[in-house]
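I opened the model to look up where its confidence is low, and then turned to one helix and one strand residue. The entries follow in the order in which I made them.

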Amino acid sequence: MLIAMSNLDENHRRRQGMLFAAAAIGIGMLIVAFVSGGAARAEAAADAAIAPSDEQALDDASAYLAALENMQGDFLQLGPDGSVAEGKFYLRRPGRLRFEYQPPDNLLVVADGTWVAVKDSSSPAQRYPIASTPLSLFLAADVDLAKTARVLDVDSQPGALLITLADRAGEAPGQITLVFDQPNMQLRQWVVTDAQGLQTTVALRNVQSGIRADNALFTLRDEQRPAIGGKQ
């Protein structure tokens, strides 16, 4: 009985870890839908009315993301329960992204251009098509936020631009808010809100641009184990 309970606790911990990692890049919203048997669905709605100044802000954000090729640095993730995780990230557009969580989380999230894989240290990776995740909003070769997503809000604040987006088809529940620095446009954080209204915030720190990450960082096989720095 004790062994069975221990296994249940381990499975629960592992599942919570996978959900935690998935939330960082927005596929937590899809996992909620899969777990509930597809019962959770966002209601499709018309885009919010966009003022001319907001259209310009959307164009500026899209142009920045489209021109972004290489970026890396550290990240800090705050979960809806107050839990905190951190690690390193590597981005290479189009299509590639890697999140390495520091221990004790020991998790990897890798986008290889086609799939997004979420993996802990002892179980096979779970994979999702990039096109079915919010990652496609800024990892696609061509970025046009106004066309590829349902724009819920554009909020220009002193020093910051917040753009809240949802799945245009209404099939993936939840939404994602991209936060950019202004007037020098730079992606600084995003907030994922799931179907239950729970929020996960990912803040980017010590960001460096123009450094091309090695191809191996964006390849993940099931037999590989998470390792900081991309060494397997």
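I began with residues 27-45, where pLDDT (the predictor's confidence in each residue, from 0 to 100) stays under 50, and for which the model has 43 contacts beyond four places in sequence, a contact being heavy atoms within 4.5 Å. I found pLDDT under 50 again over residues 224-232, with 26 such contacts. The chain averages 76, and 72% of the residues score at least 70.

This is a predicted model, so I noted that local features need pLDDT of at least 70 and side-chain atom pairs 80 or more, while totals for chains, interfaces and linings use all residues. Residues are numbered from 1 along each chain as its sequence is written, and side-chain values use heavy atoms, with hydrogens and water left out.

Next I looked up helix α3 (residues 52-67), in which Asp54, Ala57, Leu58, Ala61, Ser62, Tyr64 and Leu65 are buried, that is, under 20% relative accessible area with a 1.4 Å probe and protein chains only, exposed being over 50% and partly exposed in between. These buried residues cover an arc of only 160° around the axis, which puts them on the same side of α3; the arc is that of the directions from the helix axis to the C-beta atoms. On the face turned away from them I found the exposed Pro52, Ser53 and Ala67.

Last I checked Gln186, which lies in strand β10 (residues 186-193) and is buried at a relative accessible area of 18%. Leaving aside neighbours within four places in sequence, Gln186 is in contact with Tyr64, Val179, Phe180, Asp181, Val207 and Ser209.

Terms used
Helix = DSSP H or I, 4+ residues; strand = E, 2+ residues; numbered from the N terminus.
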